[in-house]
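Student: Before accepting the labels attached to a model, I would like to see how each one is reached. Could we go through a few of them together?

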Amino acid sequence: MIPTVVIVGAGFGGLRAARALRRAPVHIVLLDRHNYHLFQPLLYQVATAGLEPEQIAKPVRAILRGQRNLDFRMVEVTGVDLVARRLETSAGPVPYDHLILALGGETNFFGLDSVARHGFGLKGVDEAVAIRNHVLTCFEQAMLEPDPERRRARLTFVVVGGGPTGVEMAGALSELIRLVLVKDYPRLNIKDVRVLLLEATDRVLGAMPERLREAAGATLWRKHVEVRFGATVADFDGARVRLKSGEVIPAHTVIWAAGAQAPGLTGRLGLPTARQGRIVVQPTLRVAGHPEIAVVGDVAYFEVDGQPLPMVAPVAIQMAELAAGNIVRALRGAAPEAFRYRDPGTLATIGRNAAVARMFGLNWTGFPAWVMWLVVHIIQLIGFRNKLFVLVNWAWDYFFYERAVRLITRE
Ligand SMILES: Cc1cc2nc3c(=O)[nH]c(=O)nc-3n(C[C@H](O)[C@H](O)[C@H](O)COP(=O)(O)OP(=O)(O)OC[C@H]3O[C@@H](n4cnc5c(N)ncnc54)[C@H](O)[C@@H]3O)c2cc1C
């Protein structure tokens, strides 16, 4: 009997695992609640009207069309029976011989229910489109608002979290406003508009070397993003952000880029979890006591030098390759290998011509880092059509100071 490998999640990890097993003597069942693979690193560009959702996503069936040993099913996984080796899903049970969990992560609002209710996370296509609609609607409403204070509140945009997502989001939002929307709203007083980046610690891009952190901070200010350190959000009622210090910022928009955690499902699987609800894995990426289960990507908790590996795409991809390889080794009766992460570096862009990068053992800033960021992201996008359309879009926006997708599509 050919063994069945069930992979949950068609993100960076799940997709890579499925591809790595394409020649293995196994039957693969790939499950995801969406019918597409999403390139999350460019979500903020959908949120800031630069790209269409379909330019950063591709149907899983189209990506894996040629893979004979694979079945894709669009289902929600709701639980697992570890003894019977069976997943519970929205379409009934799915048995497995080997299981790879690549569930990804979700936004961590750190228990701030008011922010979860009134603010925006940035994890999926729906949220990115909701942010775009909301930001553009704020401008339309501001044009109708006679009261100057209420108008300023509509035009105050708060991004929370100084990691790469927050920095990229704040930079792109400020540029959308200052380079593009000013032309759409000629009666707008640009002094009424504020983009704030709130960071609870004393630094942005905490994982980067000091020189790059400073360069990023200076670039954000140059791009008119007000960076506030030691600023912890305590509450947001949809019209006012209250900080822990007691300060109140009138604003109708909070974009939360301050944290990620494992999906709630992981707490119900009966597997050992650690910080952020991530599933603890052994060096082989298997779960203790369950050699048939491997966990990869954001949802896996794996420490290197006492620190968990970050929730980034290269970790997910490299883990998936090892987990798939270990299944092939097991079929041959060979021992599993241990995971060793090769850090390819990190990149963050802050709008036109500006980025910071730690790559090839060097620190890069400004235009060279920005070009590096462009090349890396175009290469990683899945599908020639996406690569081409994104490239054309970026070139157009770059030369004409435009953003293509300034549509309010619902509200
Ligand atoms: C806005 C943003 C920007 C980012 N920027 C970068 C960056 O610049 N560089 C970088 O390296 N990383 C970046 N990341 C992180 C990177 O996207 C993740 O680390 C990576 O996607 C993790 O891969 P994964 O396979 O673990 O999970 P994901 O790619 O998130 O895939 C998980 C999949 O599992 C599916 N799923 C989850 N639960 C279920 C369920 N119960 N049933 C069925 N299906 C389910 C989901 O639909 C999803 O398709 C960014 C993330 C975000 C949100």
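Student: Why is V375 called partly exposed rather than buried or exposed?

Tutor: Bear in mind that this is a predicted model. V375 has a relative accessible area of 43%, and since buried means under 20% and exposed means over 50%, V375 falls in between and is therefore called partly exposed. This residue lies in helix α10, which covers residues 366–380.

Student: What makes V375 part of a nonpolar patch on the surface?

Tutor: A patch takes residues with over 30% relative accessible area and no salt bridge, and joins nonpolar side chains within 5 Å. The 43% of V375 is over that threshold, and V375 forms the patch with F367, V371 and I379, with about 360 Å² of accessible area for the four together.

Student: How do you know that T137 is buried?

Tutor: The relative accessible area of T137 is 12%, and because the limit for buried is under 20%, the label follows for this residue of helix α5 (residues 125–144).

Student: What makes the pair formed by T137 and N133 a polar contact?

Tutor: A polar atom of the T137 side chain lies 2.5 Å from the backbone oxygen of N133, and the cut-off for such a pair of N or O atoms is 3.5 Å, so the distance qualifies.

Student: Why is L181 called buried?

Tutor: L181, a residue of helix α7 (residues 164–184), has a relative accessible area of 1%, and buried means under 20%, so the label applies.

Student: Which residues are closest to the ligand, and how many surround it?

Tutor: The ligand is surrounded by 27 residues, the closest being G13, D32, Q40, V77 and D298. By residue class, this shell divides into 14 nonpolar, 8 polar and 5 charged. Helices α1 (12–20) and α9 (313–331) each supply at least two of its residues, and the largest share, 3 residues, comes from α9.

Student: How do you know that G13, D298 and V312 make polar contacts with the ligand?

Tutor: The test is a pair of N or O atoms within 3.5 Å. A backbone N or O atom of G13 lies 2.7 Å from a ligand oxygen, a polar side-chain atom of D298 lies 2.7 Å from an oxygen of the ligand, and a polar backbone atom of V312 is 3.2 Å from a ligand oxygen, so each of these pairs passes. The protein covers 89% of the 1000 Å² of accessible area that the ligand has on its own.

Note on methods
Residues numbered from 1 in each chain as written. Predicted model: local features only at pLDDT ≥ 70, side-chain atom pairs only at ≥ 80, totals over all residues. Heavy atoms only, no water. Near = heavy atom within 4 Å. Polar contact = N/O pair within 3.5 Å; in protein donor to acceptor, adjacent residues only side chain to side chain. Areas by Shrake-Rupley, 256 points an atom, 1.4 Å probe, with all protein chains shown as cover. Helix = DSSP H or I, 4+ residues; strand = E, 2+ residues; numbered from the N terminus. Nonpolar A, V, L, I, M, F, W, Y, C, P; charged D, E, K, R; others polar. Patch = residues over 30% accessible without salt bridge, like charges linked within 9 Å, V, L, I, M, F, W, Y side chains within 5 Å. Salt bridge = Lys/Arg side-chain N within 4 Å of Asp/Glu carboxyl O. Buried < 20%, exposed > 50% of the residue type's maximum accessible area, 1.4 Å probe, protein only.
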